[in-house]
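Let's take a walk through one protein model, a bit at a time. Have the structure open next to you and look up each residue as it comes along.

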Amino acid sequence: MSIEELCKAVERGDQEESKQIARQLIDGGVNPLNIISSLTEVMESIGDKFSRLEIFLPEMMMSGDAMAGVVQMMAPQIKAGEAGSTKGKVILGTVKGDLHEIGKNIVKLLLESNFFEVKDIGVDSDPVKFVKEAEAMGADIIGASSLMTTTMPHQKEIIDILKDQGLRDKYKVVIGGAPTSQEWADEIGADLYCPDAGSAPKLMAELLKIKVR
Ligand code: B12
């Protein structure tokens, strides 16, 4: 079984087969992060096919579910690490109007496996909620995911609310999600843009000036 076969199974939206192949790959020593990165490419191509009307919502949904199933199956492998003290506290969510959660969930897994404490506030989260939850947690970082050009402005709203409430210097704001970019982060004044979940623990630790294993 190969990663290519896994990609095809996810593209077909075959949840059971996807999980089975992924299990075999993991047992054979393949790094879960390589699997995630290949499947992220598959999702990009699924999205492109969806925008060209070559596939429709049910197919995109099935592929999304297949990838989510694989990530869930691999979670214990990714999380396996010795216990350590918290490197930083993170409020993590997907912004208002946006229900995409696969990327956010991967970010959560990788942060937790690198000794960050994460409170996941879920999808469709109001900007005010990000700030309230950060205050309640005593968070160091607010992480906001957006997968749609139409919901990206809500990342900016979080920063605007922090400024309005005189809290901007209290938190580092980190953004991510396929349509976001360094340019967008600069434009809205975010502290960090992460292109993928793999880089997030290291970049976020650097942001807090903490060394990650
Ligand atoms: C799967 C999927 C769905 C699934 C979501 C399932 C789920 N439970 O999440 C379903 C079928 C439900 C769905 C619905 C819709 N979708 Co959709 N979807 C996708 C698809 C194909 C893949 C997204 C994904 O999971 N990728 C895999 C993950 C791993 O990648 P990622 O999210 O980018 O995350 C990585 C990094 O970006 C980063 N990251 C992400 N967030 C964060 C946050 C922080 C803090 C950090 C540090 C890092 C980080 O780390 C992750 C891992 O490396 C994308 C295509 C694409 N190019 O992304 C379209 C896409 C996002 N969807 C799109 C659309 C249009 C929709 C719908 C409006 C369709 C409809 N007509 O109903 C609805 C919207 C629903 C809503 N209100 O949100 C468009 C958005 C276009 C736009 N406006 O920008 C896209 C781009 C497809 C397209 N090309 O047309 N979708």
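## Salt bridges, two helices and a metal

Let's start with Glu112, which is partly exposed, with a relative accessible area of 23%. Keep in mind that this is a predicted model. The side chain of Glu112 joins that of Lys108 in a salt bridge, with 3.3 Å from N to O. The two sit 4 residues apart in helix H5, so about one helical turn separates them. Lys108 is partly exposed as well, at 22% relative accessibility.

That pair has company: the count of salt bridges comes to 13. Here are three of them.

| Salt bridge | Distance, N to O |
|---|---|
| Glu17 and Arg12 | 2.8 Å |
| Lys96 and Asp126 | 3.8 Å |
| Lys108 and Glu112 | 3.3 Å |

What does the pair Lys96 and Asp126 tie together? Lys96 lies in the loop between E1 and H5, while Asp126 is in the loop between strand E2 (116–125) and H6, so their bridge links parts that are 30 residues apart in sequence. Lys96 is partly exposed, with a relative accessible area of 33%, and Asp126 is partly exposed at 30%. As for the pair Glu17 and Arg12, Glu17 has a relative accessible area of 29% and is partly exposed. Arg12 is also partly exposed, with a value of 49%.

Now back to Asp126, which has another job to show you. It caps the N-terminal end of H6, with a side-chain oxygen 2.9 Å from the backbone nitrogen of Val128. Follow the helix from there and you'll find its buried residues: Pro127, Phe130, Val131, Glu133, Ala134 and Met137. They cover an arc of only 165 degrees around the axis, which puts them on the same side of H6. Turned away from that buried side is a face with the exposed residues Lys132 and Ala136. And what do the buried residues of H6 pack against? Their partners are E1, E2, E3 and H7. Just after H6 comes Gly138, with a positive phi of about 70 degrees.

Glu133 deserves a second look. Is this residue of helix H6 buried or exposed? At 18% relative accessibility, it counts as buried, because the cut-off for buried is under 20%. The side chain of Glu133 makes a polar contact with the side chain of Lys119, at 2.8 Å. If you skip the neighbours within four places in sequence, Glu133 is in contact with Ile91, Lys119 and Ile121.

Next up is helix H7, residues 153–164. Its 12 residues reach 16 Å from the first C-alpha to the last, close to the 16 Å expected at 1.5 Å a residue. Which residues of H7 are buried? They are His154, Gln155, Ile158, Ile159, Ile161 and Leu162. These cover an arc of only 160 degrees around the axis, which puts them on the same side of H7. They pack against E1, helix H6 (127–137), strand E3 (141–145), strand E4 (172–176) and helix H8 (182–188). Just after H7, you'll meet Gly166, which takes a positive phi of about 70 degrees.

Last stop: the metal. Which residue is the only protein donor of the cobalt atom of the ligand? That's His100, whose NE2 atom is at 2.3 Å. You'll find His100 in the loop between strand E1 (88–95) and helix H5 (102–113).

Key
Residues are numbered from 1 along each chain as its sequence is written. This is a predicted model: local features need pLDDT of at least 70, side-chain atom pairs count only at pLDDT 80 or more; totals for chains, interfaces and linings use all residues. Side-chain values use heavy atoms; hydrogens and water are left out. Donors are N, O and S atoms within 2.8 Å of the metal (3.2 Å for Na, K and Ca); water is not among the atoms, so sites may look incomplete. The expected span of a helix is 1.5 Å times one less than its number of residues. Buried means under 20% relative accessible area, exposed over 50%, partly exposed in between (1.4 Å probe, protein chains only). The arc is that of the directions from the helix axis to the C-beta atoms. Contact means heavy atoms within 4.5 Å. A salt bridge is a side-chain nitrogen of Lys or Arg within 4 Å of a carboxyl oxygen of Asp or Glu. A polar contact is a pair of N or O atoms within 3.5 Å; within protein, one must be able to donate a hydrogen and the other to accept it, and residues adjacent in sequence count only if both atoms are side-chain atoms.
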